[in-house]
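Me: I would like a close look at one part of this model: the ligand site. Then follow the helix and strands outward from there.

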Amino acid sequence: MLEAFSEGNEMKVTLEGLTKYFGRVVGAEDLNLEIGDGEFVALLGPSGCGKTTTLLMIAGIYKPTRGYVYFDDRIVNDLPPKDRNVGMVFQSYALYPHMTAFDNISFPLRLKKVPKEEIKRRVQKVADMLGIGELMDRKPAQLSGGQQQRVAVARALVKEPDLLLFDEPLSNLDAKLRLRMRGELKRLQMELGITTIYVTHDQVEAMTMADRIAVLNAGRLQAYGTPDQLYDHPETMFVAGFIGAPPMNFISMNFEERDGAFYLRRGSLELRLPDELGRLAKSNGAHGEVIMGIRPEDIFIAGEGDVRAEVYVIEPLGREDLVTFHLDGERVRVLAPAPFRGKIGEVMSLSYNKDKIHLFDPETERSLLKEE
Ligand code: ATP
């Protein structure tokens, strides 16, 4: 079923110093990125960070102000979009309302004047693969959101593209369907092995689907790595705070060294750091004020904890409760096994998983735990 896609359509994409200005507005600036053959890369970042601009430069719809897009070893800056053999799926699906699903899917092949019989065969093949083979006579208005989405994906696949570009393709679906399509798209991409670039502002989508995530902010690349690398070893506070839900807690602390041991202190609160972590932070220039980062799942409510804090609010999530504590003027979120037994206003002890502490420089907001 999938053989037609399995040969000769893999492609590496390289962005080199890729920049786009809209007048004085920065769309994307100096992006350097390599997307391997068959890899699934998510472009992740908040609204306006330049994800769509980058995708449209790769598609050839926007011309870069500076820099290059390579497909394998070839610079494609001047290659028109229609000659790039790229399949695109947008948030809006962009289906033609007056055409049937069959006509929508076959549209790119008809443009290329592919013979009728071959069109029929290829459309049926992708439609069956996506489970919409029975819906070919319907117009978009007669299809559910999920079915329309599949038609849009089928239209992108029918060309047997070298590269798939997705721009927030699941945003218009309800939560349950989004979850299902997420898994299906991931599975499909794995089976087809087509190099894929997927724009999303949803960090869960990026984490669950992508081989690697490129985090963008204000047009610039903040980090590029596997979901695990970005989650476990974020290099900047932006990445640390953007990836993970509920987000990482940040608390301003004082970094101190006494008798060869390392401590974080804030008022009466003092934490001894694991020696290795302390040494690494010191070698990266930690002194005086630092920002401690700790994820809500790395704090525990314990009989004899490291600190005492007051329960501020309790938010049940089903499997766990999200409990926000007041700690010396800061709010600290903790994921506690449900049901959480404490009450609002109660003072409880918290302990930290100290191996999971992150430290950041308050000026540069860069990690102080980067290994050389
Ligand atoms: P979103 O998630 O909201 O779609 P995004 O990360 O895709 O955001 P882009 O659409 O790439 O962001 O926009 C990046 C920046 O470039 C924004 O400041 C935006 O206002 C600006 N921009 C995008 N397209 C244009 C345009 N055609 N003309 C002028 N400015 C633009």
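Reply: What follows starts at the ligand, moves to the sheets, and ends with the turns and some backbone details. Keep in mind that this is a predicted model.

Start with the shell. The ligand has 14 residues around it. Among these, S47, G48, K51, T52 and T53 come nearest. By class, the shell splits into six nonpolar, six polar and two charged residues. Two named elements, β2 and α2, each supply at least two residues of this shell.

Now the polar contacts. An oxygen atom of the ligand sits 2.7 Å from an N or O atom in the T52 side chain. For K51, a side-chain N or O atom is 2.9 Å from a ligand oxygen. C49 takes part through its backbone: a polar backbone atom there is 3.0 Å from an oxygen of the ligand. How much of the ligand does the protein cover? On its own, the ligand has 640 Å² of accessible area, and the protein covers 61% of that.

Next, the helix. K51 and T52 make their side-chain contacts to the ligand, and α2 spans residues 51-59. So much for the ligand side; now look at what this helix lies across. Helix α2 touches strands of two sheets. It lies across β1 (13-22), β2 and β4, at about 120° to β1. It also lies across β3, β6, β7 (163-167), β8 and β9 (212-217), where the angle to β7 is about 150°.

Take the four-stranded sheet. Its order is β2-β1-β4-β5. The sheet is open, and its pairing is antiparallel. The edges are β2 (25-35) and β5 (74-75), each paired on one side only. β2 thus has two roles to note: it is an edge strand here, and it gives at least two residues to the ligand shell. At the other edge, two bridges tie β4 (residues 66-71) to β5, with the strands antiparallel. There, F71 stands opposite R74 of β5.

Now the six-stranded sheet. It is also open, but its pairing is mixed. The strand order runs β6-β7-β8-β3-β9-β10. Why do β6 (86-89) and β10 (220-225) each have a side without a neighbour in the sheet? They stand at the edges with a single partner strand each, so one side of each is left free of a neighbour. From one strand to the next, the twist averages 15°.

Where does the parallel pairing show up? Look at β3 (residues 40-44). Five bridges join β3 to β8 (residues 195-200), and these two strands run parallel. L44 has T200 in β8 as its bridge partner. On to β9: β3 and β9 share four bridges, again parallel. Here V41 stands opposite R212.

The sense switches at the β10 edge. β9 and β10 pair antiparallel over five bridges. L216 faces L221 of β10 across this pair. The two strands form a hairpin with two residues between them, and A218 takes a positive phi near 50° there.

A similar turn appears further along the chain, between β11 and β12. That hairpin also has two residues between its strands, and D259 in the turn has a positive phi of about 50°. D259 is not a glycine. In general, most residues other than glycine have a negative phi. β11 (residues 249-258) and β12 (residues 261-266) are joined by five bridges and run antiparallel. E257 stands opposite F262 of β12. β11 has another antiparallel partner: seven bridges join β11 to β14 (residues 288-294). In that pair, M253 is matched with V290.

Last, two peptide bonds to check. Most peptide bonds are trans. The bond between A245 and P246 is cis, with omega about -10°. P246 lies in the loop between α9 (237-242) and β11. A cis bond also joins A338 and P339, with omega about -5°. P339 sits in the loop between β18 (330-337) and β19 (347-352).

How values were computed: Residues numbered from 1 in each chain as written. Predicted model: local features only at pLDDT ≥ 70, side-chain atom pairs only at ≥ 80, totals over all residues. Heavy atoms only, no water. Pairing = 2+ DSSP bridges. Contact = heavy atoms within 4.5 Å. Axes fitted to C-alpha atoms, helices over the stretch in contact; angles between N-to-C directions. Near = heavy atom within 4 Å. Polar contact = N/O pair within 3.5 Å; in protein donor to acceptor, adjacent residues only side chain to side chain. Areas by Shrake-Rupley, 256 points an atom, 1.4 Å probe, with all protein chains shown as cover. Nonpolar A, V, L, I, M, F, W, Y, C, P; charged D, E, K, R; others polar.
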